[in-house]
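Please find below my notes on the model you sent. They are numbered so that you can reply point by point.

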Amino acid sequence: ARHYIDKAIAINADDVTALCIAGWVYANETQSKYIKKAPSFFANALKHSPNPNFENPQSHQSQASNDKQLPLLAIYGLTKCYQDKGKLNKAIDCMTQLIVHNAWFIDGLSIKCELQ
């Protein structure tokens with residue numbers, strides 16, 4: 001999987017979906033040299049996300065149109081990286097941001113409870 005996602009990123013290094021997938025592939029590797037690269041993929045996905053709502057194309061109409069939603073795969077990936085490193089305060093902060101900016105993501109509350 002890593003081989004193919006590396007090729008996709010070589011073709012388009014700003015593709016948010018590819019960056020998120022690369023982050024998750026690298027985060028689940030067994031060698032630390034790959035695991036260490038995962039947070040940078042998630043951070044780049046957040047930086048290059050032109051449409052902050054790309055994870056939820058059927059966004060709820062109840063949310064105000066001027067609210068900026070955070071990309072689910074990227075911010076949750078960062079949360080997982082912080083959790084794996086034992087930086088629970090940072091993981092909780094990421095999950096809090098995700099919950100606040102994505103009211104539709106109810107599961108975030110239970111994930112945040114597990115982190116606390």
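1. Aromatic pairs. A search of the whole structure, which is a predicted model, finds 5 aromatic pairs. One of them joins Trp24 and Tyr76, with ring centres 5.7 Å apart and planes at 35°. That angle falls between the limits of 30 and 60 degrees, so the pair counts as tilted. Trp24 belongs to helix 2 (residues 16-27) and Tyr76 to helix 5, so the pair links distant parts of the chain, 52 residues apart.

2. Exposure of that pair. Are Trp24 and Tyr76 buried or exposed? Trp24 is partly exposed, at 21% relative accessibility. Tyr76 is partly exposed as well, with a relative accessible area of 28%. Burial requires a value under 20%, which is why Trp24, at 21%, is counted as partly exposed.

3. A second pair. Tyr26 and Phe41 also form a tilted aromatic pair, at 4.8 Å from centre to centre and with 55° between the planes. Here the link runs from helix 2, which holds Tyr26, to helix 4 (residues 38-48), which holds Phe41; the two residues are 15 apart and the pair is again one that links distant parts of the chain. Tyr26 and Phe41 are both buried.

4. Aromatic cluster. Which residues form one aromatic cluster? They are Trp24, Phe42 and Tyr76. The cluster thus contains the partners of the tilted pair between helix 2 and helix 5.

5. Overall architecture. The chain has 7 helices and 0 strands, and its pattern along the sequence reads α-α-α-α-α-α-α. Of its 116 residues, 36% count as buried. Among contacts with a separation of 6 or more, 48% are made by residues 24 or more positions apart. The chain exposes about 7100 Å², of which carbon and sulfur atoms supply 52%.

6. Helix 6. This helix covers residues 88-101, 14 in number, and spans 20 Å from its first C-alpha to its last, close to the 20 Å expected at 1.5 Å a residue. Its buried residues are Ala91, Ile92, Cys94, Met95, Leu98 and Ile99. Because they cover an arc of only 160° around the axis, they lie on the same side of helix 6. Asn89 and Val100, on the other side, are exposed. The cover over the buried residues includes helix 5 (72-85) and helix 7 (107-115).

7. Helix 7. Which residues of helix 7 are buried? Gly108, Ile111 and Leu115 are. Their arc around the axis is only 60°, so they sit on the same side of helix 7. The face turned away from this buried side carries Cys113 and Glu114, which are exposed. Helix 5 and helix 6 are among the elements that cover the buried residues of helix 7. Helix 7 is likewise included in the cover of the buried residues of helix 6.

8. Cysteines. How many disulfides does the structure hold? The count is 0. For Cys81, the nearest cysteine sulfur is that of Cys94, 9.5 Å away. A disulfide needs the two sulfur atoms within 2.5 Å, so Cys81 is in none. Cys81 is buried, with a relative accessible area of 10%. Cys20 is also buried, at 0% relative accessibility. Cys94 belongs to the buried residues of helix 6, whereas Cys113 is exposed on helix 7.

Terms used: Residues are numbered from 1 along each chain as its sequence is written. This is a predicted model: local features need pLDDT of at least 70, side-chain atom pairs count only at pLDDT 80 or more; totals for chains, interfaces and linings use all residues. Side-chain values use heavy atoms; hydrogens and water are left out. Helices (H or I, at least four residues) and strands (E, at least two) are DSSP runs, numbered from the N terminus. The expected span of a helix is 1.5 Å times one less than its number of residues. Buried means under 20% relative accessible area, exposed over 50%, partly exposed in between (1.4 Å probe, protein chains only). The arc is that of the directions from the helix axis to the C-beta atoms. Contact means heavy atoms within 4.5 Å. Accessible areas come from the Shrake-Rupley method with a 1.4 Å probe; for residues, only the protein chains shown count as cover. Rings of Phe, Tyr and Trp (its six-membered ring) pair if their centres lie within 6.5 Å; planes under 30 degrees apart count as stacked, over 60 as edge-to-face and the rest as tilted.
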